[in-house]
Amino acid sequence: MGSVRKGQNGQMSFEEAVEFYKWGNLARSTQTRRYSCLRKFGLLGERALKEVPTLSGNHNTRLIDARILNQTFGTDFYIPQGQRRVYELPNENDVALASYGKHGIYVMLMAFAGLRLGEACACDASWLKGNKLIVKASMERDVREFRPPKTAGSVKLPDWLVEEIKKATFTYPIPKHLYKWVKRRNVSPHQLRHYFATQLFSKTNNLEVIRRQMRHSNINTTLRYYLEVSAEAEAEVLPDRPIPRLRSAK
């Protein structure tokens with residue numbers, strides 16, 4: 001099939017694209033990403049590719065665009081492995097300071113339960129089942145709209161965090177607003193999830209425990225993307241005495 005007729009401005013609207021490509025079951029953030037990709041290549045309203053577009057941008061941008069084009073048009077772009085982004089982990093003091101204030105409970109949920117930003121925003125005390133948190137939902141990035149989480153499952157919590165959740169007041173902040181609040185405190189939501197994984201590894205040294213706590217289906221995801229090296233661990237491999245100097249021969 002060919003293309004469909006577009007609006008007066010020659011551009012298919014976001015709502016029209018969602019209906020045309022049957023994206024209604026996808027998260028709004030995914031819909032937006034797909035719409036932006038097709039608009040960038042001038043492909044909105046097309047059912048099939050007349051010519052293969054040239055991918056541009058950094059490695060991960062090309063990777064995401066290739067996946068979207070493959071899924072939309074049934075093409076077969078080569079998709080290389082995404083490049084891992086290395087996060088600088090916050091120290092304990094950074095996390096402690098960010099845990100104070102009106103959104104402190106959400107920092108705790110990300111740093112000590114490994115919740116993603118949208119999952120933390122959707123959380124409340126009803127998710128508790130004993131000493132476990134059952135992750136039931138996530139929130140769209142820019143609206144107070146709930147959807148299924150990226151990965152469902154449960155997370156075992158320390159007793160002190162269970163008590164904090166029981167007494168907390170949950171306000172369901174919009175993720176983009178919480179993101180800005182957290183960033184002003186010198187940490188980022190994804191840093192906190194990496195912090196959770198790395199701290200868990202340092203305490204348990206058990207990859208299977210970490211995979212379950214992170215709610216990953218594949219342990220390779222845990223290894224490839226979430227285990228960082230803390231500044232303290234780096235310091236431990238540095239020499240703690242001066243480099244030996246050669247003595248001149250007498």
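Are Arg-215 and Glu-119 buried or exposed? In this predicted model, both residues are buried. Their side chains meet in a salt bridge, with a distance of 2.9 Å from N to O. Arg-215 is located in the loop between helix H10 (207-214) and helix H11 (219-226), whereas Glu-119 belongs to helix H6 (residues 117-122), so the pair ties together parts that are 96 residues apart in sequence. A search of the whole structure finds eight salt bridges, and two further examples are described below.

Within helix H10, Glu-208 forms a salt bridge with Arg-211, and the closest N and O atoms are 2.7 Å apart. These two residues are three positions apart in the helix and are therefore separated by about one helical turn. Glu-208 has a relative accessibility of 30% and counts as partly exposed. Arg-211, at 18% relative accessibility, counts as buried, because the cut-off for a buried residue is under 20%. Elsewhere, Arg-116, Glu-119 and Arg-215 are joined into one network by salt bridges that share partners.

A salt bridge is also present between the side chains of Lys-166 and Glu-163, at 3.8 Å from N to O. Both residues lie in helix H7 (residues 159-167), where a spacing of three residues separates Lys-166 and Glu-163 by about one helical turn. Lys-166 is exposed, its relative accessible area being 54%. Glu-163, with a relative accessible area of 45%, is partly exposed.

Notes: Residues numbered from 1 in each chain as written. Predicted model: local features only at pLDDT ≥ 70, side-chain atom pairs only at ≥ 80, totals over all residues. Heavy atoms only, no water. Salt bridge = Lys/Arg side-chain N within 4 Å of Asp/Glu carboxyl O. Helix = DSSP H or I, 4+ residues; strand = E, 2+ residues; numbered from the N terminus. Buried < 20%, exposed > 50% of the residue type's maximum accessible area, 1.4 Å probe, protein only.
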